[in-house]
Amino acid sequence: MDVLSQILITGLTLGSMYALASVGLSLIYGTLGMFNMAHGLFMTIGAYASYSVAMAFGIPLIVGILVAMATGALIGMLTHLLMVRFMLGTADFGTNILVATAGLGILLEDLVLKVYGGYPYPQPLKVEGVTRIGNVTVTYQALVVLAVALVLILGVAFLLLRTRFGRAIRATAMNRESAMLMGVKADTVFLQVMALAGMLAGVAGLMISTQATLSPQMGGDPLLKAFVICVVAGLGNVWGAGLCAFGLALIEAAIGYYFGVRFGFPAMLMLVILVLVWRPQGLFGRETVVRL
């Protein structure tokens with residue numbers, strides 16, 4: 001039971017961080033039909049922004065979360081206003097935006113490297129101390145990560161399901177032209193989606209940095225895992241991405257415990273291959289019929 005409890009706690013902590021990253025990435029794909037390869041740098045910049053404000057003013061964790069949310073949302077909005085909106089609707093949009101956001105990610109990583117250097121920093125915005133759940137020792141920070149992720153994910157669910165803002169997003173994701181005919185301003189929706197996804201990414205970066213360290217490359221691994229989660233769930237399926245984030249994190253935690261941490265991510269990739277062979281559209285995706 002102690003082993004199962006440890007795997008469960010580790011998996012939920014990892015799943016919380018993965019869910020924050022993958023839900024935003026899936027939301028962008030479902031609405032705009034694009035992969036944001038700079039999503040990992042949104043996480044990095046959100047974490048560094050909170051670090052900078054904390055070092056300058058000694059803010060508490062809750063304020064650091066708000067700083068990460070605001071920074072991520074701002075980066076997402078600027079990305080849309082300065083780049084994405086000019087490419088929407090063009091030929092080969094999916095491929096071109098993939099390359100463009102990858103270039104943006106490299107540029108942002110280089111800027112972070114020049115400003116902060118390549119030396120890793122500890123994140124000061126964390127809750128110290130441990131508690132015990134049964135015979136398992138759990139850090140307070142792990143509980144904070146889980147609580148923050150659940151609050152934000154439930155908040156996003158409320159926005160998408162219970163508000164006019166959410167209905168506009170879902171309508172645009174289902175059929176952009178029909179939504180526009182019904183009075184939905186698609187350009188505004190795209191801007192809001194990029195801000196929302198950037199906000200989630202900023203908080204994800206902060207939470208990840210509290211479990212590891214700050215570095216310019218810290219967003220690369222979470223971006224890759226978020227992409228894997230989105231593929232397994234089904235591209236653009238926001239709810240499936242959230243569920244798969246926790247499921248795959250539990251599998252990774254179990255494999256890491258029994259076989260070693262280095263085998264966790266390869267096992268996730270093997271699972272992706274099996275899912276794509278069995279269900280090419282993903283676990284929660286739907287088959288589409290294309291007439292030739």
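This report walks through a pocket, the salt bridges and a surface patch in a predicted model.

## The second largest pocket

Let's start with the open space. The second largest pocket holds about 440 Å³, and 21 residues line it. Nearest its centre are Leu14, Met17, Tyr18, Lys225 and Glu252. Four helices each give two or more residues to this lining: H1 (2-32), H8 (186-211), H9 (220-233) and H10 (238-259). H1 has the largest share, with six residues.

What is the lining made of, by class? The lining of the second largest pocket breaks down into 11 nonpolar, seven polar and three charged residues. Lys225 and Glu252, from the group nearest the centre, turn up again below, as they pair with each other in a salt bridge.

## A salt-bridge network at H9 and H10

Side chains of opposite charge can pair when their charged atoms come close. In this model the count is three salt bridges. Three residues, Asp221, Lys225 and Glu252, are linked in a network.

Take the Glu252 side first. The side chains of Glu252 and Lys225 form a salt bridge at 3.0 Å, N to O. Glu252 sits in helix H10 and Lys225 in helix H9, so this pair ties together parts that are 27 residues apart in sequence. Buried or exposed, where do Glu252 and Lys225 fall? Both are buried; for Lys225 the relative accessibility is 8%, so it falls under the 20% cut-off.

On the other side, Lys225 also forms a salt bridge with Asp221, and here the closest N and O atoms are 3.4 Å apart. Why are Lys225 and Asp221 separated by about one helical turn? Because they are four residues apart in helix H9. Asp221 counts as partly exposed, because its relative accessibility is 42%, whereas its partner Lys225 counts as buried.

## A salt bridge within H4

Another salt bridge joins Asp110 and Lys114, with the closest N and O atoms 3.0 Å apart. Both residues lie in helix H4 (residues 93-116), four residues apart, which is about one turn of the helix.

How do the two ends compare with the cut-offs for exposure? Asp110 has 33% relative accessibility, so it counts as partly exposed. Lys114 has a relative accessible area of 63%, so it is over the 50% cut-off and counts as exposed.

## A nonpolar patch and a loop residue

Over to the surface. Which residues make the nonpolar surface patch of about 440 Å²? Leu74, Met77, Leu78, Leu81 and Leu82 do. One of them, Leu78, is found in helix H3 (residues 61-87). Its relative accessible area is 37%, so Leu78 is partly exposed. That value is also over the 30% that a residue needs to join a patch, so Leu78 passes this part of the rule.

Last comes Phe35, placed in the loop between H1 and helix H2 (39-57). Phe35 has 21% relative accessibility, and because buried means under 20%, it counts as partly exposed. Phe35 and Thr71 are 36 residues apart along the chain, and their C-alpha atoms are separated by 20 Å.

Terms used: Residues are numbered from 1 along each chain as its sequence is written. This is a predicted model: local features need pLDDT of at least 70, side-chain atom pairs count only at pLDDT 80 or more; totals for chains, interfaces and linings use all residues. Side-chain values use heavy atoms; hydrogens and water are left out. Patches are made of residues with over 30% relative accessible area and no salt bridge: like charges are joined within 9 Å, nonpolar side chains (Val, Leu, Ile, Met, Phe, Trp, Tyr) within 5 Å. Accessible areas come from the Shrake-Rupley method with a 1.4 Å probe; for residues, only the protein chains shown count as cover. A salt bridge is a side-chain nitrogen of Lys or Arg within 4 Å of a carboxyl oxygen of Asp or Glu. Buried means under 20% relative accessible area, exposed over 50%, partly exposed in between (1.4 Å probe, protein chains only). On a 1 Å grid over the protein atoms alone, a cavity is a set of points where a 1.4 Å probe fits but cannot get out, and a pocket is an open set with protein on both sides within 12 Å along at least five of seven lines; lining residues have an atom within 4 Å of a point. Grid points are joined across faces, edges and corners, and a volume is the space filled by probe spheres set on the points. Ala, Val, Leu, Ile, Met, Phe, Trp, Tyr, Cys and Pro count as nonpolar, Asp, Glu, Lys and Arg as charged, and the others, Gly among them, as polar.
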